[in-house]
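Student: I would like to go through the labels attached to this model. For each one, please set the value against its definition.

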Amino acid sequence: MPATPDYLRISDEIVADVRSGKYKPGDKLPSISEQCGRFKVSASTINLVNVRLEALGVISRHQGKGIFVTDPETWLRKP
C-alpha cells in the first residue's frame with residue numbers, strides 16, 4: 001500500500017492539534033519555516049498543507065499577517 005503523502009499527513013496532524021485544543025480559534029500558526037523544521041519537509045510541502053487547510057476552512061491566510069485558525073464550529077460539521 002502506498003505511503004500517505006506528506007501534505008495529507010501534516011494537514012491531518014494540524015487538524016488533530018486544533019481538535020485537541022493545542023490551537024484555538026484565532027491562534028496564529030507557526031511560520032512556514034518553523035513548520036518546515038517541525039515536520040522536516042520543504043516550504044513547498046507546507047504551502048500545499050496550507051492550501052488544503054484553507055480549502056477545508058480550517059485556516060485563513062492573511063497577507064503580511066500570518067495564518068490563523070478559524071472557528072472549528074464552522075468546519076467540524078462538514079461531512
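Student: Why is G21 called partly exposed?

Tutor: Its relative accessible area is 25%. Buried means under 20%, exposed means over 50%, and partly exposed is in between, with a 1.4 Å probe and protein chains only. The value for G21 falls in between, so the label is partly exposed. G21 lies in the loop between α1 and α2, and its C-alpha atom is 26 Å from that of S44, 23 residues along the chain.

Student: What kind of model is this, and which atoms and residues count?

Tutor: It is a predicted model, in which local features need pLDDT of at least 70 and side-chain atom pairs pLDDT 80 or more, while totals for chains, interfaces and linings use all residues. Residues are numbered from 1 along each chain as its sequence is written, and side-chain values use heavy atoms, leaving out hydrogens and water.

Student: What makes R9 and D6 a salt bridge?

Tutor: The term requires a side-chain nitrogen of Lys or Arg within 4 Å of a carboxyl oxygen of Asp or Glu. The closest N and O atoms of R9 and D6 are 3.3 Å apart, so the pair meets the definition. The two residues are three apart in helix α1 (residues 6-20), which means about one helical turn between them. An α-helix has 3.6 residues a turn, so residues three or four places apart point the same way. R9 is partly exposed at 34%, and D6 is too at 36%.

Student: How do you know that R38 and E13 form a salt bridge?

Tutor: Their closest N and O atoms are 3.1 Å apart, so the same cut-off is met. This pair links distant parts of the chain: R38 is in helix α2 (residues 32-39) and E13 in helix α1, 25 residues apart. A helix here is a DSSP run of H or I with at least four residues, a strand a run of E with at least two, and both are numbered from the N terminus. E13, D17 and R38 are linked in a network of salt bridges.

Student: How many salt bridges does the whole structure hold?

Tutor: The search finds five. Another of them joins E54 and R61, with N to O at 2.9 Å.

Student: What makes the buried residues of α2 line one face?

Tutor: Q35, C36 and F39 are the buried ones. Seen down the helix axis they fall within an arc of 105°, so they line one face; the arc is that of the directions from the axis to the C-beta atoms. S33 and E34, on the other side of α2, are exposed. The cover over the buried residues includes α1 and α3 (43-56), where contact means heavy atoms within 4.5 Å. Just after α2, K40 takes a positive phi of about 55°.

Student: Why are β1 and β2 said to pair?

Tutor: Two strands pair if DSSP finds at least two bridges between them. Strand β1 (residues 59-62) and β2 have four, in the antiparallel sense, so the condition holds. R61 has I67 in β2 as its bridge partner. The strands form a hairpin with three residues between them, and G64 in the turn has a positive phi of about 80°.

Student: Which side chains of β2 are buried?

Tutor: Along β2 (residues 66-69) the side chains alternate: I67 and V69 point to one face and are buried, whereas G66 and F68 point to the other and are not.
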